[in-house]
Amino acid sequence: MTTANDTLDFYDIEQLLPESDRQVLAELRTFLREQVEPIITEHWIKGTFPHEIIAGFADLDTIGTPYRGYGLRGSSYLLDGLIAMELATSDPSISTFCGVHSGLAMGSIYICGSDEQKDRWLPAMARMEQIGAFALTEPDVGSAIAGGMETTAKRDGDSWILNGQKKWIGNATFADLLIVWARDVADDNVKGFVVPRETAGVQTELIEDKISLRAVQNATITLSDVRVAEDDRLQNANSFEDTAEVLRVTRAGVAWQAAGCARGAYRYAREYALEREQFGRPIASFQLVQEHLVTILTNTTASVTMCARLAQLQDQGHATDSQSAMAKVFATMRMRESVGHARELMGGNGILLEHNVGRFVADAEAIYSYEGTREINTLIVGREITGHSAFV
């Protein structure tokens, strides 16, 4: 009988990787099965983060994989995407933690930082000695952040003074470095700053009572006359277009996460169907149950193949905003549908956390919304194919 891992990669996408990269994925998979999955449900219930796993990630060499130089691995975006998907297959909260640190925080420094700044921060972040967070979204501004950012930055000699609030910032309660985006009051352009969390004037408040990604430590950050040195301003972040370049790359990562979330639900639903007996035989032998499983697997396979092609375009330097947006829209829609099939297959047991699928159903809701809602990403693609912007 085939195992769940045999069927998850139904089109053998991993075979596109060299053997060394496949070994990285295999080691990550083992780590997740042995170190993360046995403890993650308890943390999800309590709304806590398993800090004890961070050291294990440092040994896996899976952080900042597509970045070259500065002590980083310099592999492909395809490997990076498959890592994000593998993480989400075990648990979307852990995938989000890594996506924020490796993709958004390290990506901001890699894309927008000077060589000196990359040397200063990236090697330690890759070793997980310093954890990053990405502070863009605000309490009153989400999708309209490009034109409505309220957090301000004011030049004061060799420093900048930051004031404002950020909301939904993953990792913020324990991160060492906050990548804060603020509007320069002098030229009205968005600039990026690397702010140590312990800086005077920085306050973080954990957002509680979430129904999704409960192990992710999202926080509201309040910045009150926070002084940041000019040396800590990202030297190549001079407008929101530079911020958008980071988001274009990481939006593709969210598409991979969505595929992984759906795969995680499929994996547990399949195991349940093989073990659960009704009317004297496993429910996996019933036609309607098989239809659920095939629908989920088809959805995830289609999402993965789209993401794999997008990763190839990224590696060639040809990926566009609209291509990343399309992948995010498609993968998250298919994810939402797929986790519903998985829960339905399990009947009433589908709402019990002991069977795991309920965690993926809830986590899918956050993945569906962050890094641009379905509507916003749809309009990005619509603008590309029509030449007309439908944004307000």
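Okay, let's start in a loop: D188 sits between strands β4 (177–184) and β5 (190–196). Helices here are DSSP runs of H or I with at least four residues, strands are runs of E with at least two, and both are numbered from the N terminus. D188 has a positive phi of about 70° although it is not a glycine. For background, most residues other than glycine have a negative phi.

Quick housekeeping. This is a predicted model, where local features need pLDDT of at least 70 and side-chain atom pairs count only at pLDDT 80 or more, while totals for chains, interfaces and linings use all residues. Residues are numbered from 1 along each chain as its sequence is written, and side-chain values use heavy atoms, with hydrogens and water left out.

Back to phi. Y70 is another non-glycine with a positive value, near 60°, and Y70 lies in the loop between α3 (54–58) and α4. Then there's E371, just after α11, with a positive phi of about 60°.

That loop between α3 and α4 also holds R73. So what does the R73 side chain pair up with? One partner is the side chain of D61, in a polar contact of 2.7 Å. Another is the side chain of D21, at 3.3 Å. By polar contact I mean a pair of N or O atoms within 3.5 Å; within protein, one must be able to donate a hydrogen and the other to accept it, and residues adjacent in sequence count only if both atoms are side-chain atoms. Not counting residues up to four places away in sequence, R73 touches S20, D21, V24, D61, G64, T65, Y67 and L79, with contact meaning heavy atoms within 4.5 Å. R73 has a relative accessible area of 27%, so it's partly exposed. The cut-offs: buried is under 20% relative accessible area, exposed is over 50%, partly exposed is in between, with a 1.4 Å probe and protein chains only.

Now helix α11, residues 357–369. Is α11 largely enclosed or largely open? Largely enclosed by the rest of the structure, because 10 of its 13 residues are buried. The buried ones include R359 and D363, alongside F360, I367 and Y368. Among the elements covering them are α2 (19–46), α5 (92–112), α10 (321–345) and α12 (374–386).

One residue to look at beside α11 is S212, in the loop between β6 (202–206) and β7 (219–229). S212 is buried, at 9% relative accessible area. The S212 side chain reaches the backbone oxygen of A362 at 2.6 Å and the backbone oxygen of D363 at 3.3 Å. Beyond four places in sequence, the contacts of S212 are A362, D363, A364, E365 and A366.

Over in helix α8 we find E245, which at 30% relative accessibility counts as partly exposed. The side chains of E245 and R248 are joined by a polar contact of 2.5 Å.

Next, packing. Nonpolar side chains tend to be buried together in soluble globular proteins. A nonpolar core here is a set of buried Ala, Val, Leu, Ile, Met, Phe, Trp, Tyr and Cys residues joined through side-chain atoms within 4.5 Å. The largest one has 99 residues, and F57, W181, W256 and L345 touch the most other members. α8 gives the largest share of this core, 18 residues. Apart from it lies another core of 19 residues, A175, A182, A219 and V228 among them. As for W256, leaving aside neighbours within four places in sequence, its contacts include L78, L82, M85, V304 and A311.

Last stop, the holes. How many cavities of 30 Å³ or more does a search of the whole structure find? It finds 2. A cavity is a set of points on a 1 Å grid over the protein atoms alone where a 1.4 Å probe fits but cannot get out, and lining residues have an atom within 4 Å of a point. Points are joined across faces, edges and corners, and volume is the space filled by probe spheres set on them.

The largest cavity has a volume of about 50 Å³, and its lining includes L8, F10, R263 and T300. Helix α9 (287–316) gives the most to that lining, with 4 residues. The second largest holds about 30 Å³, with Y67, G103, V246 and T250 among its lining residues. α5 and α8 each supply at least two residues there.

How values were computed. On a 1 Å grid over the protein atoms alone, a cavity is a set of points where a 1.4 Å probe fits but cannot get out, and a pocket is an open set with protein on both sides within 12 Å along at least five of seven lines; lining residues have an atom within 4 Å of a point.
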